[in-house]
Amino acid sequence: MALGLFKRLLGAQEAPKKTVEKKAPKNVQKNKNTKIINVASTAAYNSYSDWTSYCAAKAGVIKISEGLSKSNFSVVTLCPGAIETKLRNTLNINNPNIMSIEEGIAPIYDAVNGKFRDSTIYQYRKNEDKFINGAYSDC
């Protein structure tokens with residue numbers, strides 16, 4: 001039974017990488033113009049009551065990104081904090097640091113325009129940002 005569980009966990013661990021490698025064109029890893037931009041959340045680094053699944057899923061996005069990066073994919077991972085959205089308006093959470101949509105998407109534009117180095121994990125909130133890994137590109 002333990003061996004069966006281990007094999008299932010190992011399969012789950014390899015599935016995201018195998019899926020990307022299988023579905024992506026053969027030259028994606030070698031093509032310097034191809035970049036994967038993943039959006040996680042600052043919630044990936046926290047635990048909140050009633051947000052367990054969301055926090056775990058966002059942590060998973062970061063781990064998938066790290067694994068793909070180690071497999072020579074060009075990956076940038078963005079971790080925004082709270083953004084003013086219709087969903088946020090339904091939550092009863094007091095947070096004085098909510099970004100506007102414009103503030104929230106600005107780093108996405110930066111990533112699309114090549115302003116981050118490969119393997120960057122960039123965490124940002126209203127009036128606060130930090131690189132967990134990586135940096136701005138030299139471009």
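What is the mean pLDDT of the protein chain, and what share of its residues reach 70 or more?

## How far to trust it

This is a predicted model, so confidence is a good place to start. The mean pLDDT of the protein chain is 79, and 73% of the residues get to 70 or more.

That confidence isn't spread evenly. Among the elements, β2 has the highest mean pLDDT, at 93, while helix α1 (residues 2-23) has the lowest, at 52. Look at residues 5-13 in particular: pLDDT stays under 50 there, and the model gives this stretch zero contacts beyond four places in sequence. Where pLDDT is low, the predicted coordinates shouldn't be read in detail.

## The layout

Walk along the protein chain and you'll meet four helices and four strands. Starting at the N terminus, their order is α-β-α-β-α-α-β-β.

How much of the chain is tucked away? Of the 139 residues, 27% are buried. The chain exposes about 9600 Å², and carbon and sulfur atoms supply 54% of that area. As for what touches what, take the contacts with a separation of 6 or more: 52% of them link residues 24 or more positions apart.

## Inside the fold

Now for the interior. The largest nonpolar core has eight residues: V76, L78, I83, M99, A111, F116, Y122 and Y124. Two strands, β2 (75-80) and β3 (120-125), each supply at least two residues of this core. Apart from it there's another core, this one of five residues, including A40, A44, C79 and I121.

Y122, a member of the largest core, is worth a click in the viewer. Leaving out residues up to four places away in sequence, Y122 touches T77, L78, C79, P107, F116, D129, K130, F131 and Y136. Two of these partners, L78 and F116, belong to the largest core as well, while C79 belongs to the other core.

## The largest pocket

Which residues lie nearest the centre of the largest pocket? They are W51, G81, A82, I83 and R88, out of 25 residues that line it. The pocket has a volume of about 620 Å³. You've already met I83, which is also listed in the largest nonpolar core.

Helices have a clear part in this lining. α2 (52-70), α3 (86-90) and α4 (101-112) each supply at least two of the lining residues. The largest share comes from α4, with four residues.

Methods:
Residues numbered from 1 in each chain as written. Predicted model: local features only at pLDDT ≥ 70, side-chain atom pairs only at ≥ 80, totals over all residues. Heavy atoms only, no water. Buried < 20%, exposed > 50% of the residue type's maximum accessible area, 1.4 Å probe, protein only. Contact = heavy atoms within 4.5 Å. Areas by Shrake-Rupley, 256 points an atom, 1.4 Å probe, with all protein chains shown as cover. Core = buried A, V, L, I, M, F, W, Y, C linked by side-chain atoms within 4.5 Å. pLDDT = per-residue confidence, 0-100. 1 Å grid on protein atoms, 1.4 Å probe; cavity = no way out; pocket = protein on both sides within 12 Å on 5 of 7 lines; lining within 4 Å. Points joined across faces, edges and corners; volume = space filled by probe spheres on them.
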